[in-house]
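Here is a short report on aromatic rings and one helix. Look over the sequence and the model first.

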Amino acid sequence: MKNTIHGLTTVLGRLLLATIFLMSAVGNKIPNFDQVASTMKGQGIPQPQVMLAGAILFLIAGSLSIILGYKARIGATLLLIFLGLATYYFHDFWNFRGETQQAQIIQFMKNLGLMGAMLLIMANGSGAMSLDKGKSAPKPKPAK
């Protein structure tokens, strides 16, 4: 029973963690591709359409990898790269003042927390009830 609860909470944790990235790609970046690319161009990002296509690929591949627990360390690496670049280019609180700066600090700190979660997955794997479980799941204790 304990292993089942552990496994289910691990699956739920992966799902909740990765949903923000999957929804960002499917719910925002893909349907608003031209608008997002224009915003990226305004932030000084070179070749914004190519970079956006890459970001979408990283977001979808990384989030599905984590949700399924398949090659989750690689998926977390993709999302860490995305987060690092997005945080630097879009949440540069040091260039703002007042309420806008406060809002950007919040987004910056949120992304730092998500980066920490990606580092944990990179270090520890996807956990129980994953497609990679043979590599990262706890081994059952032998009966006495």
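The report starts with the model, then turns to the rings and the helix.

## The model

This is a predicted model: local features need pLDDT of at least 70, side-chain atom pairs count only at pLDDT 80 or more, and totals for chains, interfaces and linings use all residues. Residues are numbered from 1 along each chain as its sequence is written, and side-chain values use heavy atoms, without hydrogens and water.

## Aromatic pairs

The whole structure holds five aromatic pairs (rings of Phe, Tyr and the six-membered ring of Trp, centres within 6.5 Å). Tyr88 and Tyr89 have ring centres 5.2 Å apart and planes at 85 degrees, so they are edge-to-face (planes over 60 degrees apart). Tyr88 is exposed (over 50% relative accessible area, 1.4 Å probe, protein chains only) at 51%. Tyr89 is partly exposed (between 20% and 50%) at 28%.

Trp94 and Phe108 are also edge-to-face, with centres 6.1 Å apart and planes at 85 degrees. Trp94 sits in the loop between helix H4 (72-90) and helix H5 (98-124), and Phe108 in H5, so the pair ties together parts 14 residues apart in sequence (helices are DSSP runs of H or I, at least four residues, numbered from the N terminus). Tyr88, Tyr89, Phe93, Trp94 and Phe108 form one aromatic cluster.

## Helix H5

H5 has 27 residues. Its C-alpha span, first to last, is 39 Å, close to the expected 39 Å (1.5 Å times one less than the number of residues). Phe108 is buried (under 20%) at 18%. Other buried residues of H5 include Leu114, Met118 and Ile121. Just after H5, Gly125 has a positive phi of about 80 degrees.

Terms used: Rings of Phe, Tyr and Trp (its six-membered ring) pair if their centres lie within 6.5 Å; planes under 30 degrees apart count as stacked, over 60 as edge-to-face and the rest as tilted. Helices (H or I, at least four residues) and strands (E, at least two) are DSSP runs, numbered from the N terminus.
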